[in-house]
Amino acid sequence: MNPSPAFSSRTMKSLMVGLLASSVAHAGISRVVLELQVSDTSGASASWSIDVGVGQRDAATDSYDWILAQPVPIEDIARGEVVATMVDCSLSVEGTNIDVNFTLQAGSRDTTAVLTTGLLEFGGVEDSDQQLGRATAAISVTDLNGDSALLRGLGTPGTGAFRARFNDGATRFTTLVSQVFVGAFSTAAGFQNDPAVGYRPVNSTTVLSMDSELAFSLTKFDLASATTTFDFIGPRQFQLFNDGDMNCDAIFGINDIAGFVTALIDRDSYPTVYPDCLADLADVDGDQFVSVGDISGFVTMLAAAAQ
Ligand SMILES: [Ca+2]
Ligand SMILES: [Ca+2]
Ligand SMILES: [Ca+2]
């Protein structure tokens, strides 16, 4: 994994001079892959987000995973108040499938939480009658303070706490699990699928993007846990991340050389310079390491892109 000390970005750039960029169509994920906003009945509020660069990409399956290493207090800094605690959380994206799981504990007041995934953007899928979707949500609630517990979807009564969405949140594919109630020191779960079995047509116009959102109120001190999937399939296949696209602008070419070099010789600084992209995209030979062994493949790709 360690780069050769003789290798420098200047050497690399001189190798690449004169090669031209070309366009590669693909899907993409937005820089912020998870965002949580919480507030409570006293008016305290806080937010928390995860950038794409901290997760892991598996080149073989074009999938992306991030998992929370340890519980995180979501704190209103100005008030010095922990509004909620994210106990565990994970995000997995494979193709056009988004899985989000989390466990959140409310603070000392009734709490409202909105957890949104990043957008998977497709650049326009128009034949929507051929697009199929599926969503599932299992949401459990545990009373920890002996006075019962209630989780309820935000918005119009009956709206599910889990929302599977298209087009920057503007179109809902479905909402699932509107309410879960449980008595003292107990746990209960709500579970819903849409459709009951298999997939159903999306019935939307042009599909530009998908995401999922969990938006709910939760009684103080209590615990909510969710396992969710939103899956969208159609005649087109999408590439989420592209080998060698080191600045994640969906174009492969000479503008990716600097990022490739940074990933290779100064990996620790890569997320700072390219917060919306992944150093692992420099693993163009797919051996799970970014190393000097990737240089020849990267150069070959640049030459091909310049044709
Ligand atoms: Ca309670
Ligand atoms: Ca690029
Ligand atoms: Ca490699």
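Modeller: A residue is exposed if 12 or fewer other C-beta atoms lie within 10 Å of its own, buried if 20 or more do, and partly exposed in between. Also, this is a predicted model.

Colleague: Got it. Which residues of α4 are exposed on the face turned away from its buried side?

Modeller: Ser296, Thr300, Ala303 and Ala304.

Colleague: And which residues of α4 are buried?

Modeller: Ile295, Phe298, Met301 and Leu302. The helix itself spans residues 295–305.

Colleague: Why are those four on the same side?

Modeller: They cover an arc of only 125° around the axis, so they share one side of α4. There is a general pattern behind this kind of spacing. An α-helix has 3.6 residues a turn, so residues three or four places apart point the same way.

Colleague: What about α2, is it largely enclosed or open?

Modeller: Helix α2 covers residues 257–265, and seven of its nine residues are buried, so the rest of the structure largely encloses it. The buried ones are Ile257, Gly259, Phe260, Val261, Thr262, Ala263 and Leu264.

Colleague: Who touches Phe260 from further along the chain? Try Gly244: what is Gly244 in contact with?

Modeller: Beyond its neighbours within four places, Gly244 contacts Phe252, Asp256, Phe260, Leu281, Val284, Phe298 and Met301. Phe260 belongs to the buried set of α2. Phe298 and Met301 belong to that of α4.

Colleague: Is Gly244 buried or exposed?

Modeller: Gly244 has 22 C-beta neighbours inside 10 Å, so it counts as buried. It sits in the loop between β20 and β21. Its C-alpha atom is 9.3 Å from that of Gly297, although the two are 53 residues apart along the chain.

Colleague: Now the core. How many residues does the largest nonpolar core have?

Modeller: It has 74. Ile139, Ala224 and Ala282 have the most contacts inside it. At least three residues come from each of domain 1 (9–24 + 242–305) and domain 2 (28–233).

Colleague: What does Ala282 touch?

Modeller: Met246, Phe260, Ala263, Leu264, Val290 and Asp294, leaving out residues up to four places away in sequence. Phe260, Ala263 and Leu264 are among the buried residues of α2.

Colleague: Zoom out. How many helices and strands are there?

Modeller: The protein chain has four helices and 21 strands. It has 307 residues, and 41% of them are buried. Of the contacts with a separation of 6 or more, 70% join residues 24 or more positions apart.

Colleague: Any backbone oddities? Where is there a cis peptide bond?

Modeller: Between Asp194 and Pro195, with omega about -5°. Pro195 is in the loop between β17 (187–194) and β18 (200–201).

Colleague: And which residue other than glycine has a positive phi near 50°?

Modeller: Phe185. It is in the loop between β16 (179–182) and β17. With 13 other C-beta atoms within 10 Å, Phe185 is partly exposed. Phe221 also has a positive phi, about 65°, and is not a glycine either. Phe221 lies in the loop between β19 (207–218) and β20 (223–233).

Colleague: Why does Phe221 count as partly exposed?

Modeller: Because it has 18 C-beta neighbours inside 10 Å, and buried takes 20 or more.

Colleague: Last one. Where is Thr171?

Modeller: In strand β15, residues 171–176. Thr171 has 17 C-beta neighbours inside 10 Å, so it is partly exposed. Its C-alpha atom is 9.2 Å from that of Met210, 39 residues apart along the chain.

Definitions and conventions:
Residues numbered from 1 in each chain as written. Chains lettered and ligands numbered in written order. Predicted model: local features only at pLDDT ≥ 70, side-chain atom pairs only at ≥ 80, totals over all residues. Core = buried A, V, L, I, M, F, W, Y, C linked by C-beta atoms within 7 Å. Domains from an automatic or database assignment. Contact = placed C-beta atoms within 7 Å. Helix = DSSP H or I, 4+ residues; strand = E, 2+ residues; numbered from the N terminus. Arc of directions from axis to C-beta.
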